[in-house]
Every structure is written in structure tokens, then in C-alpha cells.
Amino acid sequence: MSAGGGTKAILAALGANAGIAAAKFAGFLVTGSSSMLAESVHSLADTTNQGLLLLGQKTSKREADQEHPFGYGRDRYFYSFIVALMLFTLGSAFAIYEGIHKIGHPEPLESPIVAVIILLVAVALEGYSFYTAIGESKKIKGNATWWGFIRQAKEPELPVVLLEDAGALLGLVFALLGVGLSVVTDNPVWDGVGTLAIGALLGVIAVILIIEMKSLLIGEGATEGVLATIVDELAAGKVERVIHIRTQYLGPDELLVAAKLAMVPGLDTAELAAAIDDAEARVRAKVPVAKLIYLEPDLDRSYTR
């Protein structure tokens, strides 16, 4: 990808969520709507989350040192994991608590039209953020489905922003329904129901993100397609075949490749070194993200000639 595409999506979400959070909180103060309060906290959490994603991008660019010889690329995964936790605790848990409280102790809404106007403006702003995230994601999604992209992407920022924005838009719909039904039925319990639905939605999204970010954080290997390309490029020239191979992403833009290769018999030391160098060059030409490659020549003991 891009970090560039991810940064553009993050900045769009940051600007939208900051403005939305302020407007929603003002709406809560005017109306007393728990749905508006839940949405205010949700947008505040999202704004903080975008800041954390930007921080992760910045810290991941630090140079490798003796303590971290493979660099800091996984900082992007770490901060994305923190974002998922915040979405669960600050967003979902709070909304569920507030929804249960409002259902048990309903309070009439004041000036509900203000809440509706603010929510509609928020829909427009979130829609812009979501549209930006979709546009940036399409550049790297390829033929994968959107669910497949979220599951397989090694760049954490776009899946996080996509799910956050999708959840925000659906949450706004729940908030509008909660406020609208409270007015139509003259029963403020619906406002609490809308808040509870927002909390459940955020909980589902947070769990998905926690699972995906945890997987990236502890180390994922190359996808089947990328791995097949690497093997094909290694098993050429004076390499007879790949005996075994391991890959792992050290960060979104850095793939570690370690492989044991069966070489053509009879090579002297210079020819062997040249063959290994050629194999590395072939892999880097086809898979530029393969920054660290460790290849070990060995005898092929799987079969006899």
C-alpha cells in the first residue's frame, strides 16, 4: 500500500469524527438523549483512535537498533490492537451500560428535532469518511471480497477505519430510530433501546478487530498467492527445489523470508553464493515487500537419484 492511502483515510476520519463528537455532545446537552450521549462517546473514541493509528504509523518508521534488530514495523499492529480495545471498552461497554440504564429509568427527550438535525449532519460527515476509506481500499483490495480484504490485509489502518466508519453509519441509523420512535410513540424507552443496539454493534466490530489485529501482532505469514510466487522464484536458476520455507510479516511493508534450498549438485563456493544472490534478487523483483531474506543451501534428502 500504502501508508499514504492509509494516512489519507485516517485524516478524513479524524476530521469528521472530531466535528461529529462536538456536535453530538452539544445535542446531548440540549436533548438529554442517551442515544446522542452514546454516539458522542463513540465519536470521541473514534477521534482518539485515529490519533493512535497516526502515532503507530510514525513510531513504526524508527530505524532498527540493537534491541529491536528487525525494526519497529509492528508498532502499527500494536496501536491498531489498542484501537480495537478502546472501541470495545470506551464505545461498546459504555453504550450498553447507558442503554440498560435508560431502559430502566427512561427520561423524556427535550428538543428532539435538534438531535435529528445533528445526526443527519453526522451521517453526511461519516459518509464522506467512509467513501474516502473505500476509495483508498479499492487500490489494494484487488479481487478479494470486502470481508476477505478485512481478514487478509496486512496493513491494519484501512480495515480499522472501514469497520469503524461502517459501524458509525449504522450506529447513527440506530440513534435516529431511537430518537424517532421515542417521539412518535411518546415513549423514551426507545431511546434506550437505540443506545443498546449501538453498544451491541460496536461490540461485534470491536471483537472482529481484536481478533484480526491480534493475529497480525503475533505474526502472520504470506498469503497463499504471495507464498506461491516466492517459491516459484526461488525454485529457478541453479536451485532445484525449495525444501521448506517460513515467512512472517515484521510490519505491513516488511516480509521476512527464510528457506532451505536444494541446489544443483557440483557447485563450488563462488557459484553457490552467486546462485543464492540470484534467488534473492528474483524474489525481491516479484515481491518487493520481502525485505529480509535468509536462504540456506542444503542437500535434498527427501529422495535419492
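**Group meeting talk: from one valine to the whole chain**

Hi everyone, let me start with a single residue: setting aside neighbours within four places in sequence, Val287 touches Val226, Thr229 and Ile230. Before I go on, please keep in mind that this is a predicted model.

So where does Val287 sit? You'll find Val287 in the loop that links α9, residues 269-286, to β3. Is Val287 buried or exposed? Its relative accessibility is 8%, and because the cut-off for buried is under 20%, Val287 counts as buried. One of its contacts, Ile230, is 57 residues away along the chain, yet the two C-alpha atoms are separated by 7.3 Å.

Follow that loop onward and you reach β3, so to speak, which brings me to the sheet. Three strands make up an open sheet, ordered β1-β2-β3, with mixed pairing. At the edges are β1 (239-251) and β3 (292-298), each of which pairs on one side only. On average, neighbouring strands here are turned by 15° against each other, ignoring direction. As a general reminder, strands of a sheet pair through backbone hydrogen bonds, in either a parallel or an antiparallel way. In our case, β2, covering residues 254-263, pairs with β3 in the parallel sense, over seven bridges. If you want a spot to click on, Ala262 stands opposite Asp298 in β3.

Now let's zoom out. How many helices and strands does the chain have? There are nine helices and three strands, and along the sequence they run α-α-α-α-α-α-α-α-β-β-α-β.

Some of the helical part carries an annotation. An unreviewed UniProt entry places "transmembrane region" features at residues 77-100, 112-131, 160-183 and 189-211. I looked at two of these spans. Residues 112-131 are 100% helix and 0% strand, and their end C-alpha atoms lie 28 Å apart. For residues 189-211, the span is likewise 100% helix and 0% strand, with 33 Å between the end C-alpha atoms.

Finally, the overall shape. A compact globule of 305 residues would have a radius of gyration near 19 Å, whereas this chain has 25 Å. The C-alpha trace spans about 90 × 35 × 35 Å along its principal axes. Of the 305 residues, 47% count as buried. Among contacts with a separation of 6 or more, 75% come from residues 24 or more positions apart. As for the surface, the chain exposes about 14400 Å², with carbon and sulfur atoms supplying 65% of it.

Thanks for listening, and I'm happy to chat afterwards!

Note on methods:
Residues numbered from 1 in each chain as written. Predicted model: local features only at pLDDT ≥ 70, side-chain atom pairs only at ≥ 80, totals over all residues. Heavy atoms only, no water. UniProt positions renumbered as here; feature names shortened; annotations may be inferred. Helix = DSSP H or I, 4+ residues; strand = E, 2+ residues; numbered from the N terminus. Pairing = 2+ DSSP bridges. Axes fitted to C-alpha atoms, helices over the stretch in contact; angles between N-to-C directions. Rg over C-alpha atoms; globule rule 2.2 N^0.38 Å. Buried < 20%, exposed > 50% of the residue type's maximum accessible area, 1.4 Å probe, protein only. Contact = heavy atoms within 4.5 Å. Areas by Shrake-Rupley, 256 points an atom, 1.4 Å probe, with all protein chains shown as cover.
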